[in-house]
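This report walks through one protein, beginning with its overall form and ending with a group of aromatic side chains. Please look over the sequence and the structure before reading on.

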Amino acid sequence: MSDIKIVLDAGTTWSKIIEKSSSDLMKDYSNFFIKEENDYKYYILPSSMLKELNFKFDKATGHMSLSMLKNEKNYENEVIALIQGFKNHIKEDAIILDMGSRDSKWAKFVNSKFKDLDWNSSCSSSTGATIEMLLKFYNIDIKNLKSSNDKYVITCGIFGLERIMDDIAKGAKAEFAVSKFIHGIAFNAWSFAKKPDKLYLSGGFCENKCFVDSLSKYCKVIPMGRFLLCEGLLN
């Protein structure tokens, strides 16, 4: 769409923005610049900063993004944005799983056509945000966190926190307990996506090596980065 200059995927904690290279709407936010590709500039910034932007977006998806649009009719459902973005890259039978701060969703393609989907905003709720809080609280660098062969059997982040605190109180290292928690989330994600042999991964978890390594114990994992939903808005 040639008239689209800037799009937004507003997550609970982090927001992804794609802007045409010829535009200068994000000129004051160069600290959040990620890359430039195919005449577009990519940014990631805390969602808490969205309210200070002095412009509106052409298209948007994600949590609480309606107020950020020039026209609310240009809001896109998150799953539709994910499907459209994924189709830009992959032309094969595949499952794409998007893991966020507060939910997870997957879509299945057969013969390059959309076949099925599911969206979980209950037992996967807050998993990404919970991990960020745990890493900060225990002063753990995610880049140095290794995947554990053990895992917590958990149904949500709250129960996982209880298991972590119990193990640490008994003398376990925080890094080991958090790694077990992440492994449990990875197993749940694979099960939620119907236990495929290969899984394309979207969202911030792509940058969590401990999660990717844990998920790789069950299937082949192909990280697609954090901008698939944004790219789907450019269609």
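What radius of gyration does the protein have, and what would a compact globule with 235 residues have? The model, which is a predicted one, has a radius of gyration of 18 Å, and because a compact globule with 235 residues would have a value near 18 Å, the two agree. Taken along the principal axes, the C-alpha atoms fill a box of roughly 60 × 45 × 30 Å.

**Overall build**

Six helices and ten strands make up the secondary structure elements of the protein. Of its 235 residues, 49% are buried, and the accessible surface comes to about 12100 Å², with 50% of that area belonging to carbon and sulfur atoms. Among the contacts with a separation of 6 or more, 58% are accounted for by residues that lie 24 or more positions apart in the chain. As for charge, the protein carries 33 positive and 30 negative side chains, and the centres of these two sets lie 3 Å apart.

**Aromatic pairs around Phe 86**

A pair of aromatic rings is described by two quantities, the distance of the centres and the angle of the planes. Searching the whole structure gives twelve aromatic pairs, including the two listed here.

| Pair | Distance of centres | Angle of planes | Kind |
|---|---|---|---|
| Phe 86 and Phe 109 | 5.3 Å | 40° | tilted |
| Phe 86 and Tyr 200 | 5.2 Å | 65° | edge-to-face |

The pair of Phe 86 and Phe 109 counts as tilted because its planes stand at 40°, an angle that is neither under 30 degrees, as stacked rings would need, nor over 60, as edge-to-face rings would need. This pair links distant parts of the chain, since Phe 86 belongs to helix H1 (residues 78-87) and Phe 109 to strand S7 (residues 104-110), with their positions 23 residues apart. Phe 86 counts as buried because its relative accessibility is 0%, and Phe 109, with a relative accessible area of 2%, is buried as well.

In the pair of Phe 86 and Tyr 200, the planes stand at 65°, so the arrangement is edge-to-face. Here too distant parts of the chain are linked, with Phe 86 in helix H1 and Tyr 200 in strand S9 (residues 198-202), 114 residues apart. Are these two residues buried or exposed? Both Phe 86 and Tyr 200 are buried.

Finally, ring pairs link Phe 86, Phe 109, Phe 114 and Tyr 200 into a cluster.

Terms used:
Residues numbered from 1 in each chain as written. Predicted model: local features only at pLDDT ≥ 70, side-chain atom pairs only at ≥ 80, totals over all residues. Heavy atoms only, no water. Helix = DSSP H or I, 4+ residues; strand = E, 2+ residues; numbered from the N terminus. Rg over C-alpha atoms; globule rule 2.2 N^0.38 Å. Buried < 20%, exposed > 50% of the residue type's maximum accessible area, 1.4 Å probe, protein only. Contact = heavy atoms within 4.5 Å. Areas by Shrake-Rupley, 256 points an atom, 1.4 Å probe, with all protein chains shown as cover. Lys, Arg positive; Asp, Glu negative; His and termini not counted. Charge placed at Lys NZ, Arg CZ, Asp CG, Glu CD. Phe/Tyr/Trp six-rings, centres within 6.5 Å; stacked < 30°, edge-to-face > 60°.
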